[in-house]
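Work through the exercises below with the sequence and the coordinates side by side. Each task is followed by a solution in steps.

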Amino acid sequence: MRLTSAIPFASAALALAALTFAAPAPAADTVDPVKDAKAFQKFFTDKFPKVKLEDFVNGPYSMNEDLHKQWEEKEQFPPYEFSLEMGKEMFSKPFKNGKSYEDCFPNKGVGIRQNYPYFDEKEGKVVTLELALNRCREANGEPAFSYVKDEMAALTAYMAFTSRGKPMDIKIPSDPRALEAYEKGKEYFYTRRGQLNFSCATCHVQSPGERIRAEVLAPALGILNAMPIYRSEWSGMGTISRRFTSCNSQIRGVPLKPQDDEYRNLEYYLSYVSNGLPISGPGARP
Amino acid sequence: MNMLKPVLASMLLIASSVFAFAASEDDYKAAYAAAEAANKEAAALRNQWTTTAATLAAAKKSAEAGDFDKATAAAKEAEALAKASSFQATSEKTRWKDMEIR
């Protein structure tokens with residue numbers, strides 16, 4: 001066997017051996033979202049005792065004083081402002097059939113961001129805000145938008161803005177399918193994937209505040225409360241779908257399709273454990 | 001003559017390894033098919049790696065250029081990557097709990 005072809009085999013074999021001999025998993029236990037959320041929030045407040053609970057929603061900007069100052073300056077002329085204006089205009093503009101987004105949502109879509117995603121007992125699945133917006137469009141004869149940026153980011157930016165300061169309020173109804181969706185979301189969050197063998201938690205639980213190349217990693221607590229975000233790295237706005245798919249690509253995993261069940265469940269879990277923290281979206285990130 | 005024996009043996013060994021590992025188009029096709037099948041398994045587990053797809057593409061490119069040695073080696077590497085991603089998905093079915101905040 002040639003040396004060049006032997007190297008990948010040897011490295012793959014080593015990686016497999018490392019995985020095989022790693023610590024065994026503890027026995028499965030019952031699902032208790034209330035206990036989970038309490039432990040989740042305590043983990044972060046213990047890890048960062050100087051950061052107030054509600055400040056975690058500012059992501060990397062909550063991690064130290066210098067970054068916090070940067071965030072305050074950025075908020076003077078926020079880079080998401082254009083998107084927010086666009087979203088506001090789009091939201092009130094009627095569809096061709098005369099109806100509008102207001103007709104698809106409770107309270108005409110104002111101040112409801114904190115209740116998304118929710119578990120739809122009729123469908124038996126999690127419904128995110130992005131999904132509900134596209135469903136609204138399709139129900140009114142309009143084509144669906146891309147889930148990752150531009151129009152979808154603008155619409156969710158406006159809806160988040162109308163909910164600013166309201167505490168995240170995700171419910172898990174007494175339906176075993178809802179609990180299952182929550183648990184699957186949790187599993188996705190902690191599951192290592194991609195060639196880099198990273199889970200969401202590797203960066204956002206084990207290493208928030210640390211640098212990964214030039215970036216400061218955000219804590220998982222409250223991470224979705226600031227969505228959608230303007231990212232300098234993207235030179236534009238991005239939705240929750242964009243955040244999930246690009247995270248997967250960065251760890252060399254093939255991303256799933258936006259709004260696939262796994263991502264919907266992940267959003268459900270991650271939002272639930274941030275219950276009580278204020279909506280701060282739209283946000284801006286380095 | 002005794003001194004020549006190891007030299008002759010080495011030459012034979014080198015010659016045989018060259019002939020044994022020069023890959024043909026058929027070797028490449030078999031290696032590529034095996035890699036694709038392994039990657040499909042990873043897809044069924046919802047855990048493909050981007051590097052597998054990139055390595056498969058590199059194998060195809062080398063084959064199109066007529067370099068079947070390089071193409072076969074890349075296809076075998078892609079298969080190893082796909083198998084590792086499937087192994088990861090399977091082992092993580094229980095291992096994810098190790099990282100959970102409790």
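**Exercise 1.** State what share of the 286 residues of chain A count as buried.

Solution. A residue is buried if 20 or more other C-beta atoms lie within 10 Å of its own, exposed if 12 or fewer, and partly exposed in between, with C-beta atoms placed from the backbone. By this count, 42% of the 286 residues of chain A are buried. The model is predicted: local features need pLDDT of at least 70 and side-chain atom pairs count only at pLDDT 80 or more, while totals for chains, interfaces and linings use all residues. Residues are numbered from 1 along each chain as its sequence is written, and chains are lettered from A and ligands numbered from 1 in the order in which they are written.

**Exercise 2.** Find the cis peptide bonds that lead into A:P117 and A:P228, and place each proline in the secondary structure.

Solution. Helices (H or I, at least four residues) and strands (E, at least two) are DSSP runs, numbered from the N terminus. Chain A has 10 helices and seven strands. The bond between A:Y116 and A:P117 is cis, with omega about 5 degrees; A:P117 sits in the loop between α4 (81-92) and β1 (118-120). From A:M227 to A:P228 the bond is also cis, omega being near 0 degrees, and A:P228 belongs to the loop between β4 (215-216) and β5 (229-231).

**Exercise 3.** A:Q259 and B:R46 are not glycines but have positive phi. Is each buried, partly exposed or exposed?

Solution. Phi of A:Q259 is about 70 degrees, and the residue lies in the loop between α9 (240-250) and α10 (261-272) of chain A. A:Q259 is buried, because 20 other C-beta atoms lie within 10 Å. For B:R46, phi is about 60 degrees; its loop runs between α2 (25-44) and α3 (50-64) of chain B. With 15 other C-beta atoms within 10 Å, B:R46 is partly exposed.

**Exercise 4.** Where does the largest nonpolar core lie with respect to domain 1 and domain 2 of chain A?

Solution. A nonpolar core is a set of buried Ala, Val, Leu, Ile, Met, Phe, Trp, Tyr and Cys residues joined through C-beta atoms within 7 Å. The largest has 63 residues, of which A:A157, A:Y269 and A:L270 touch the most other members. Helix α6 (residues 150-161) of chain A gives the most, eight residues. Domain 1 (31-72 + 172-285) and domain 2 (81-161), with bounds from an automatic or database domain assignment, both contribute residues, so the core lies between them. A second, separate core of 22 residues includes B:A23, B:L56, B:A71 and B:A84.
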